[in-house]
Amino acid sequence: MADPDLVVDRLRLRRRLLFWRVGAVAAFVLAWLGLGGHALFHHGALIGGDHLARVRVSGIIGSDNRKLIDLIDRAAKADTVRGLVLSVDSPGGSVSGGEALHDAVARFAARKPVVVTMGGVAASAGYMISVPAQRIFASQSTLTGSIGVIMQAPDVSGLLERVGVRVDELVSGPMKGQPSVVQPLSPEGRQMLQGVVADLFDQFVTMVADGRHMPVDRVRSLADGRPYTGRQALPLGLIDQIGTERDAVTWLARKLSLSETVPVLDLKVPADRDWIPRLTRSMLGVILGEEWAGSVVSQGVALDGAVALWKP
């Protein structure tokens, strides 16, 4: 039989251990929230003195860019951030996501100069977010422009009919079920959706006209959805100069009367799959045991119904 005093001591020890484990987890979570959970990282931000900020936008532009937008807005208000280098390598993506990023760049450009440097492709929404900049650089082979909006509505009703499946839709109004995956698009629905696309397109054209200081009719004549190489875009006024990122930084530094060796520091939103979740799992594994550590769930790219996307 176990010694009753020994059993009591062990229970007391377990309670104390649990208390300290919970306390350690709480302290770690609070530190994570303070340092990374809601923080937007400015790599090298501890370096004092004036510098340029760099924001990289690559791949498909999703609908939710709130953290990146907050990062740009905060950089615009930071005294030591003198200007912004926007590096774009994107075929576009969500119209709403592109509009939100465009507006954030425009807010920054209203306070401090912005220069864009384009990679292999900066088209559709990738071009949309570039136009508020004071100067746009691209390489000769950059694919840019592709000013336009697309909305796709898949229809599998023919396939369902062939396999003997029929779907009845109950809608509150004739336009509510348009478009539908299981019903053909009606003429009225097509006209309605074409109106939506046309309105989004008009907004895009206006952004380009305002940002590039071009007449709307001139932009509209270039905006049939086609991409342009950097060499083609230059005489059309869609970009300002053929050059590299180094050329863009040099131009921005001279405009601000800064040294051409001014530091350029990356602004970056920490991804969920970055070091914080890995460190969290490791710490929780040590504190609570590996079985309590949990797992990291990756996030996909969210797109809304209408996209400004260049597709070869």
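This report covers the salt bridges, helix 6, the main cavity and two strand pairings of a predicted model.

The model is predicted: local features need pLDDT of at least 70, side-chain atom pairs count only at pLDDT 80 or more, and totals for chains, interfaces and linings use all residues. Numbering runs from 1 along each chain as its sequence is written, and side-chain values use heavy atoms, with hydrogens and water left out.

**Salt bridges**

The whole structure has 11 salt bridges (a side-chain nitrogen of Lys or Arg within 4 Å of a carboxyl oxygen of Asp or Glu). The table includes three of them.

| Acid | Base | N to O distance |
|---|---|---|
| Asp50 | Arg82 | 3.1 Å |
| Asp266 | Arg56 | 3.6 Å |
| Asp240 | Arg212 | 2.8 Å |

Asp266 sits in strand 10 (residues 264-268) and Arg56 in strand 2, so this pair ties together parts 210 residues apart in sequence. Helices (H or I, at least four residues) and strands (E, at least two) are DSSP runs, numbered from the N terminus. Asp266 is partly exposed at 25% relative accessibility; Arg56 is partly exposed at 48%. Buried means under 20% relative accessible area, exposed over 50%, partly exposed in between (1.4 Å probe, protein chains only). Asp240 is partly exposed at 25%, whereas Arg212 is buried at 11%. Shared partners join Arg54, Arg56, Glu245 and Asp266 into one salt-bridge network.

**Helix 6**

The 26 residues of helix 6 should span 38 Å at 1.5 Å a residue (1.5 Å times one less than the number of residues). The end C-alpha atoms of helix 6 are 37 Å apart, which agrees. Its buried residues include Leu200, Phe204, Met207 and Arg212. His213 follows the helix with a positive phi, near 55 degrees.

**Cavity**

The structure holds one cavity of 30 Å³ or more. A cavity is a set of points on a 1 Å grid over the protein atoms alone where a 1.4 Å probe fits but cannot get out; lining residues have an atom within 4 Å of a point. The largest cavity holds about 40 Å³, the volume being the space filled by probe spheres set on the points. Val95, Glu99, Met128, Leu200, Gln203, Phe204 and Met207 line the largest cavity. Helix 6 gives the largest share of this lining, four residues.

**Strand pairing**

Strand 5 (residues 114-123) and strand 6 (residues 135-138) run parallel, joined by three bridges. Strands pair if DSSP finds at least two bridges between them. Val115 stands opposite Arg135 in strand 6. Two bridges join strand 6 to strand 9 (residues 241-242), also in parallel. There, Ala138 stands opposite Ile242.

Conventions
1 Å grid on protein atoms, 1.4 Å probe; cavity = no way out; pocket = protein on both sides within 12 Å on 5 of 7 lines; lining within 4 Å.
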